[in-house]
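Trainee: Please take a close look at one part of this model, residue by residue, and then relate the description to the packing of its helices.

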Amino acid sequence: MKLKAESNQRTVTYSPSWTLIPTHYCRNTCGYCVFVEREGARAQLVSIAQARLEIERARAAGATELLMMSGEGVETSRHIRAQLKSEGFACYVDYLICIARTALERDMLPHINIGNVTFEELTALRSVVPSMGMMLETIDNALRGRAAHNRAPDKEPARRMETLRAAGRARVPFTTGLLVGIGETMRAREETLHSIAEIQIAYGHIQEAIVQPFTPHAGTAMENCAAPCFEEMRDVVQLAREILPPEVIVQIPPNIAARFVELVEAGARDLGGVSPDGDRINPRERWLAPKTYAKALATRGYTLQARLAVHRKWITPRWLAAETLQATRRVTQRLPKFKANVCHATNGDAHAHVSCYTIATI
Ligand code: SF4
C-alpha cells in the first residue's frame, strides 16, 4: 500500500500515537517543567514487563507510533543505574533498544526523545528506531541566565546543536522545534529557525519543526509568566514556513496551541502525535479525537491524513535500517484512513462545507 503524498498543500497530517515514559527523572530543572520527578515511583524506571503491557494497550487503542520520552541525564540517578543492572542492561540506551524492538515486533514504530544524545547512542538506536526528536527550543544563550534555563545545563544551545548535527551524521530522521514564549526575543526566534535551516541544508534529516507555545504551570518558576498570544504564534509559524526548507514540515500541537486551524492557514501542516491516552507532558490539555480535528480542518478545505512516526520522504534505505524499513511497510497497513466527502457550497460560503462533511474509514 502506498501512502498519498503528505506534501499536498491542503493535506494536514498527524500520527496516531501513544506515549510511554520510561522515567520522569531528569537532572535539569527547567523553569516551566511539570514533568520532572526526582523521588518516588515516577522517578524510577518502568520495568520491561510493564513496558510490554503498555505496548499491548497502545496497539489495542490503534496507535501506530510509540513515543518514548524521558528527561535527560537519566543515568546520573543511582536508583536507575541499579534498576538497569537488575534488568540486565549495561546502559539506558540498551534498555530503550529492548523496548523499541518489542514495539517493532508488535507493528508499532518507536519515536524516541530523551534530549541530548551522542553520535554513538544515535547509531545504536537507529537500528530499531526510525525517527527521534529533541526540541532545540531556542538558540538564545541569554536564557541560560533566566528562569527558563538557569538550572538546566542540558539546554545550552551549543550542546543541542551538536546533538542535531550528530543525528544528521548518524542519518536519523529527526524532529526538533522552538518553544515560544520562554523569554526569547523575536530576533532569537528568527535565529533559531535559521540554525535549524542550516542543519537541514547540511544533513537533510530534519523532517519537522514544532512551534510549541510555552504554557505556565502552577508550582514552577515561570508560573506567573504569560503564554504567548495567538498573534505571536501565528507570526512564528509564518516565519518558520518562510525560513525553513520546504521539506521541513511545520508542526503545531492542537491541544495547547489556540485556534489551530488558523495556524494551519499560516503554514503549519502537521498536528504531531495525537494519543487517546492524553498528553503526558501537559496532562491538563487532552487531545480531541482525530475526527474532530478533521471536521474543523474540513471547514477551511483541508484534509486530515494519518501518517507514520517517520515522514514519507525519509522512508528509504538511506535513512532507515533494514528492520525499521520493513516495519514501516507493515505499520502502514494499520494507519487509520479517512475519507472526507466535502460538498461544495452553492452560496460561496466556505463554512457551508461543514454541513455536508462526512468522515469514514476506508
Ligand atoms: S530537560 Fe525536559 S524533563 Fe528535564 S526539566 Fe527540562 S523540560 Fe523537564
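Mentor: The shell around the ligand divides into 6 nonpolar, 4 polar and 2 charged residues, where Ala, Val, Leu, Ile, Met, Phe, Trp, Tyr, Cys and Pro count as nonpolar, Asp, Glu, Lys and Arg as charged, and the others, Gly among them, as polar. The model is predicted: local features need pLDDT of at least 70 and side-chain atom pairs count only at pLDDT 80 or more, while totals for chains, interfaces and linings use all residues. Residues are numbered from 1 along each chain as its sequence is written. Surrounding the ligand (C-beta atom, placed from the backbone, within 6 Å of it) are Cys 26, Asn 28, Thr 29, Cys 30, Cys 33, Phe 35, Val 36, Gly 71, Glu 72, Gly 115, Ala 152 and Asp 154.

Turning to the helices (DSSP runs of H or I, at least four residues, numbered from the N terminus), the axes of H5 (residues 157-169) and H6 come within 10 Å and cross at roughly 20 degrees; axes are lines fitted to C-alpha atoms over the stretch in contact, with angles from 0 to 180 degrees between N-to-C directions. H5 and H6 are therefore roughly parallel, a term for angles under 35 degrees. Met 161, Leu 164, Arg 165, Gly 168 and Arg 169 of H5 meet Ser 195, Ile 199, Ala 202 and Tyr 203 of H6, contact requiring C-beta atoms, placed from the backbone, within 7 Å. This contact comprises 5 nonpolar, 2 polar and 2 charged residues.

H6 (residues 186-203) also meets H7 (residues 230-243), their axes coming within 10 Å and crossing at roughly 35 degrees. Arg 189, Glu 190, Leu 193, His 194 and Ala 197 of H6 contact Val 236, Leu 239, Ala 240 and Ile 243 of H7.

Technical notes: Helix = DSSP H or I, 4+ residues; strand = E, 2+ residues; numbered from the N terminus. Contact = placed C-beta atoms within 7 Å. Parallel < 35°, antiparallel > 145°, perpendicular 65-115°, else oblique.
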